[in-house]
Structure formats: structure tokens, C-alpha cells
Amino acid sequence: MVSKATLDFLIQLRNNNNREWFADNKKEFQKLEKDFKASAQELVTELSKSDSIDKIQMFRIYRDVRFSKDKSPYKTNFGVALGRTKPMLRGGYYLHIEPGGSFVGGGFWEPNAEDLNRIRKEFEMDDTEIRKIISDKNFVKIFGTLQGDELKTAPKGFDKEHPAIDLIRKKQYLISRKFTDKEVMDKNFKEEVLNTFLAMRPFFDYMSEVLGTNLNGESIY
């Protein structure tokens with residue numbers, strides 16, 4: 001799924017992050033990008049056998065440097081995000097290929113204010129089910145812990161001493177699994193990516209149920 005040539009190119013780009021070098025090597029980039037897009041489509045085809053994907057976002061190599069101190073014009077990774085069919089299915093999958101920093105991730109990156117409040121209210125009322133999911137042996141083995149930016153204290157309207165405050169104060173709900181360069185180039189990497197995506201499903205399905213109901217458990221759709 002990912003060739004040595006892809007990682008080598010990204011390493012060279014990291015060491016020569018300028019427009020002149022990129023222009024000289026653009027044909028090679030376009031070939032590698034095409035290969036990555038084809039691999040991403042294969043992932044979607046396989047994943048669609050057990051899930052519904054309605055959005056594929058290939059991230060551009062060009063960086064937005066308008067508000068950044070780092071003016072390097074190019075990203076040094078390939079990335080693709082796969083969105084589940086809303087509003088019934090929530091959560092998104094992400095594949096990031098970068099020498100020394102590849103990972104598979106997923107979750108809720110920037111939930112809107114309404115969704116975030118609904119999630120927090122659910123955890124305030126009952127955190128039993130989410131605790132069960134994130135403490136599952138297979139979940140911990142693959143993803144470790146639930147990640148994401150969080151507030152330093154309780155959000156407005158919530159008790160800072162609440163037993164679920166560690167979950168309530170989060171602004172994001174993310175999970176990820178890192179891969180070494182050797183693992184990325186392995187012939188079984190695509191299967192490992194798919195298995196990692198599938199391991200996210202209990203988390204996604206629970207969160208979809210939360211966001212698809214009110215606090216009484218009644219569907220809002």
C-alpha cells in the first residue's frame with residue numbers, strides 16, 4: 001500500500017522544503033500521490049462492506065502559511081480522511097503517512113457546540129458505557145487511551161468535582177494507533193489499517209447513538 005519510494009520522497013521533501021526542489025520533482029510527487037489515492041480508494045471499497053462512507057478528503061500537499069511562523073510551503077506527509085454517512089453515522093477515519101510519524105486515527109476532531117454539549121451531558125448523566133468501551137482489553141491494546149484537547153477545568157454548567165469530569169472537559173474525542181516505517185511498507189499494512197478502522201466501530205457506534213438521541217433516549221431524526 002505504501003512503497004519505500006513514497007517514504008523516501010517525503011524524507012527528501014522534508015530536507016528540501018522549497019518551491020524550486022518541488023518543481024523539479026513534481027512529476028514524481030504526482031505519481032506517488034496517484035498511487036496513494038488509489039490505495040485510499042481500495043480502503044474505502046473494503047470498509048464500505050461493513051460501514052457507510054459518504055466523504056473522502058485527500059489533503060493537499062500545500063500548506064496554508066498565512067498565519068504560521070513556519071513558512072515551509074509543503075506538508076511532508078500524505079493524509080486522507082473518510083467520513084461516515086451523517087447524520088445517523090458519526091465519527092471519521094484518518095490515515096496519515098509520514099516517515100517516522102505514520103498513524104491511523106479517528107473520532108471527533110472538531111464537534112460543533114451542540115454535539116459537544118450533548119456528549120458532555122451524556123457523560124454527566126451516565127459514563128458507564130463509554131468507560132466500558134475505552135477500557136476494553138482490545139481497545140486499550142490498539143489505541144491506549146482516549147485522546148484530545150481538553151479544558152483545564154469544568155466547562156460552564158458542569159460540576160468540576162463530577163466523577164466523569166475527565167471526559168466532560170474534553171473538547172475532542174480521538175483515538176489513534178502509530179505505525180513504524182517498516183510496518184507501513186509491510187505487505188499486510190492495508191489489512192492492518194482496515195482492522196484498526198474496524199476496532200473503532202464500538203466507539204463510533206456508541207457516539208452515533210448518543211448524538212442521534214436526546215437525553216431521554218428518543219431519536220431526534
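A residue counts as buried when its relative accessible area is under 20%, as exposed when that area is over 50%, and as partly exposed in between. The exercises below concern a predicted model.

**Exercise 1. Classify the aromatic pair formed by F29 and F78, and state which elements it ties together.**

Step 1. A search for aromatic pairs gives a count of 18.

Step 2. In the pair F29 and F78, the ring centres lie 6.0 Å apart and the planes make 20°. Planes under 30 degrees apart count as stacked, so F29 and F78 form a stacked pair.

Step 3. F29 belongs to helix α3 (residues 26-47) and F78 to strand β2 (residues 78-84), so the pair ties together parts that are 49 residues apart in sequence.

Step 4. Both F29 and F78 are buried.

Step 5. F29 and F78 also belong to one aromatic cluster, whose members include F9, W21, F22 and F36.

**Exercise 2. Determine how the rings of F203 and F204 are arranged, and whether the two residues are buried or exposed.**

Step 1. The centres of the F203 and F204 rings are 5.9 Å apart, with 40° between the planes. An angle that is neither under 30 nor over 60 degrees counts as tilted, so this aromatic pair is tilted.

Step 2. The relative accessible area is 1% for F203 and 0% for F204. Because the limit for burial is 20%, F203 is buried, and F204 is buried as well.

**Exercise 3. Describe the salt bridges K4 to D8, E124 to K121 and R131 to D166, and locate each in the secondary structure.**

Step 1. Side chains of opposite charge can pair when their charged atoms come close. The whole structure holds 18 salt bridges.

Step 2. K4 and D8 meet at 2.8 Å, N to O. Both residues lie in helix α1 (residues 4-15), 4 residues apart, which is about one turn of the helix. K4 is exposed at 53% relative accessible area, whereas D8 is partly exposed at 27%.

Step 3. For E124 and K121, the closest N and O atoms are 3.8 Å apart. These partners lie in helix α4 (residues 113-125), 3 residues apart, again about one turn of the helix. E124 is partly exposed at 26%, and K121 is partly exposed at 28%. The charged end of K121 also sits over the ring of F158, 5.1 Å from its centre.

Step 4. R131 and D166 form a salt bridge of 2.8 Å, N to O. R131 is in helix α5 (residues 128-134) and D166 in helix α7 (residues 165-168), so the pair ties together parts that are 35 residues apart in sequence. With relative accessibilities of 26% for R131 and 31% for D166, both are partly exposed.

Step 5. Salt bridges with shared partners also join D51, R84, R201 and D205 into one network.

**Exercise 4. Work out the order of the strands in the sheet, its edges and the helix α10 that packs on it.**

Step 1. The order is β1-β2-β3-β4-β5, an open sheet of 5 strands with antiparallel pairing.

Step 2. β1 (53-58) and β5 (173-179) each have a single partner strand, so one side of each lacks a neighbour in the sheet and both stand at the edges.

Step 3. From one strand to the next, the twist averages 15°.

Step 4. β4 (residues 102-108) pairs with β5 in the antiparallel sense over 7 bridges, and S102 stands opposite F179 in β5.

Step 5. Helix α10 (residues 201-211) packs on the sheet and touches β2, β3 (92-97), β4 and β5. The direction of α10 makes about 20° with that of β4.

Conventions:
Residues numbered from 1 in each chain as written. Predicted model: local features only at pLDDT ≥ 70, side-chain atom pairs only at ≥ 80, totals over all residues. Heavy atoms only, no water. Salt bridge = Lys/Arg side-chain N within 4 Å of Asp/Glu carboxyl O. Helix = DSSP H or I, 4+ residues; strand = E, 2+ residues; numbered from the N terminus. Buried < 20%, exposed > 50% of the residue type's maximum accessible area, 1.4 Å probe, protein only. Phe/Tyr/Trp six-rings, centres within 6.5 Å; stacked < 30°, edge-to-face > 60°. Lys NZ or Arg CZ within 6 Å of the ring centre and 35° of its normal. Pairing = 2+ DSSP bridges. Axes fitted to C-alpha atoms, helices over the stretch in contact; angles between N-to-C directions. Contact = heavy atoms within 4.5 Å.
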